[in-house]
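Visitor: Got a minute? I'd like a quick walk through this one.
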Amino acid sequence: MMEQSLSTHTSQEVNATAQWNVLAVDDEAGVLRSLQRMLRAGPFRLFPAKTAKDGLFLMTEHSFDIVISDMRMPEMSGAEFLAEVADTYPETIRILMTGYSDLESTIQAVNQGRIHHYIQKPWDNSALLETLEQATEKLSLRRENQRLLNKVEQQNSELRLLNEGLEDKVQKRTQQIRRALTQLERVNRQVKDNLRSTIRVFYNLICLNKDSGGGDALKVAELCRLLAAEMGLDKRQVRDIHLAGLLNELGLIALDKRTLYAPFYALSPEDQHRYREHPVHAHLALAPAIGLADVALIIKHQYERFDGEGVPERLEGEVIPIGARILAVARDYIHALSGRSHRSRYSVKGALALLATNAGLAYDASIIALLPKVVPQLEYDALHDNERVVSVAQLEPGMKLSRNVLNNNDILLLPEGHRITSDSLRRLHAFGRKEQQPLEIHVFEHGGR
């Protein structure tokens with residue numbers, strides 16, 4: 001049974017044996033020594049370099065997973081160095097270390113060096129270690145996805161060879177079908193012995209589509225498990241509800257691009273209805289997996305409403321499967337935090353209040369009542385405050401950005417967490433006058449902390 005989230009399990013499996021090569025470039029010897037002391041006991045092997053030139057030479061001698069660079073260095077800046085690393089070694093995770101006053105330089109480095117993270121000096125060891133752990137998790141998942149893609153390509157190649165050898169005679173085709181059925185029966189036996197592997201394949205299919213909620217699905221699944229356990233359901237039910245949360249968006253693969261790519265809140269009522277049909281597609285796709293029949297049923301009915309106004313069968317109250325009622329609450333809570341269902345993201349407090357307004361209508365009120373108790377157990381880096389969308393004209397000094405401000409070409413104008421100043425406000429107004437393009441700016445509702 002998958003009692004823990006898939007991402008945690010994968011991270012623990014990989015990081016238990018992996019050794020990650022880290023290149024650190026800084027012209028201050030003290031900084032390099034501090035990094036060596038901090039990473040000595042972990043799964044990281046640090047290679048120090050005092051100049052960008054030395055760093056580039058080391059990269060020709062060794063394979064590096066992560067590169068950390070200071071911004072201010074002689075001969076070549078961190079932005080220039082990371083840009084060259086990005087061009088030559090695009091798979092490497094790039095981290096910039098910079099002083100608090102280097103806002104303009106940091107923006108330049110993000111755009112020029114295409115960095116993944118930046119750390120302010122002086123750094124906090126725990127924050128830096130957390131950043132490195134996130135980097136290794138990303139690398140691990142990337143490698144796992146590549147392994148699965150290679151496996152799919154190999155299987156497709158084998159299928160092509162098999163199809164090329166097919167004869168026109170019905171008897172031979174029948175024999176091949178029988179062999180395929182025999183193989184399918186063998187695969188089904190393997191699936192029963194290793195259900196976790198099967199679920200991982202389905203999950204990776206979801207993640208192959210960048211517009212489906214692969215990352216959110218892990219959090220939805222974990223919240224489903226917590227709620228089901230809190231309600232005292234048996235282990236089999238808890239497992240099925242957890243898996244339904246993980247695969248709740250499997251049917252999105254069947255949607256047309258126009259419906260899938262637009263934010264849900266921007267869809268017309270007709271398109272929203274069409275979007276909510278994706279659980280029916282998932283139910284059909286899971287039909288051959290007999291061992292997942294209960295999981296498929298939970299997914300199918302996740303958009304039923306407690307008041308009987310939902311889809312696809314307008315079930316009402318406790319007639320709706322308990323797993324589907326739990327999934328609806330977990331899904332909409334996580335989507336409120338991540339901004340999937342609304343134009344702006346909600347804080348934990350805001351998301352709880354949002355769902356509570358629909359207790360007894362869209363949701364089972366008894367499950368809503370359990371949310372405040374189980375949410376603290378959920379590992380989710382949620383906003384501390386609701387966010388709202390404003391125009392440049394509505395911006396005021398002191399407001400704090402809850403997301404990066406990007407232009408239409410995804411060039412970073414201001415980073416997430418920046419507190420608006422008179423200078424940055426003046427630059428945004430100048431950009432709007434010059435480029436004649438509206439900017440969508442997300443700020444914290446009460447100014448941030």
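Guide: Sure, here is a short tour of a predicted model.

Visitor: Start inside. How many residues has the largest nonpolar core?
Guide: That core has 39 residues. L223, L227, V329, Y333 and L371 have the most contacts inside it.

Visitor: Which elements give two or more residues to this core?
Guide: They are α9 (214-230), α10 (235-246), α14 (293-300), α15 (322-338), α16 (348-356), α17 (365-368) and α18 (371-374).

Visitor: And where does the largest share come from?
Guide: From α15, with nine residues.

Visitor: Take V295. Buried or exposed?
Guide: Buried, because its relative accessible area is 1%, and a residue under 20% counts as buried. V295 sits in helix α14.

Visitor: How far is V295 from L243, C-alpha to C-alpha?
Guide: The separation is 6.7 Å, with the two 52 residues apart along the chain.

Visitor: Any pair like that with P263?
Guide: Yes, P263 and S341. Their C-alpha atoms are separated by 7.5 Å, and they lie 78 residues apart along the chain. P263 is in the loop between α11 (257-261) and α12 (269-275). It is partly exposed, at 37% relative accessibility.

Visitor: Switching to charges. How many salt bridges are in the whole structure?
Guide: A search finds 19.

Visitor: Show me one within a helix.
Guide: R236 and D240 form a salt bridge, 3.3 Å from N to O. Both are in helix α10, four residues apart, about one turn.

Visitor: How covered are those two?
Guide: R236 is partly exposed, with a relative accessible area of 45%. D240 is buried, at 4%.

Visitor: What about R331, which residue does it bridge to?
Guide: D332, with the closest N and O atoms 2.8 Å apart. R331 is buried at 3% relative accessibility. D332 is also buried, at 18%. Elsewhere, salt bridges that share partners join D26, D70 and K121 into one network.

Visitor: And D307?
Guide: D307 meets R305 in a salt bridge of 2.9 Å, N to O. D307 is partly exposed at 24% relative accessibility, and R305 is partly exposed at 27%.

Visitor: Last topic, the surface. Which residues gather in the patch of positive charge?
Guide: R33, R37, R40 and K50.

Visitor: Where is R40 in that?
Guide: R40 lies in the loop between α2 (29-39) and β2 (44-49).

Visitor: Why does R40 count as exposed?
Guide: Because its relative accessibility is 63%, and exposed means over 50%.

Definitions and conventions. Residues are numbered from 1 along each chain as its sequence is written. This is a predicted model: local features need pLDDT of at least 70, side-chain atom pairs count only at pLDDT 80 or more; totals for chains, interfaces and linings use all residues. Side-chain values use heavy atoms; hydrogens and water are left out. Patches are made of residues with over 30% relative accessible area and no salt bridge: like charges are joined within 9 Å, nonpolar side chains (Val, Leu, Ile, Met, Phe, Trp, Tyr) within 5 Å. Accessible areas come from the Shrake-Rupley method with a 1.4 Å probe; for residues, only the protein chains shown count as cover. A salt bridge is a side-chain nitrogen of Lys or Arg within 4 Å of a carboxyl oxygen of Asp or Glu. Lys and Arg count as positive and Asp and Glu as negative; His and the chain ends are not counted. The place of a charge is taken as NZ of Lys, CZ of Arg, CG of Asp or CD of Glu. Buried means under 20% relative accessible area, exposed over 50%, partly exposed in between (1.4 Å probe, protein chains only). A nonpolar core is a set of buried Ala, Val, Leu, Ile, Met, Phe, Trp, Tyr and Cys residues joined through side-chain atoms within 4.5 Å.
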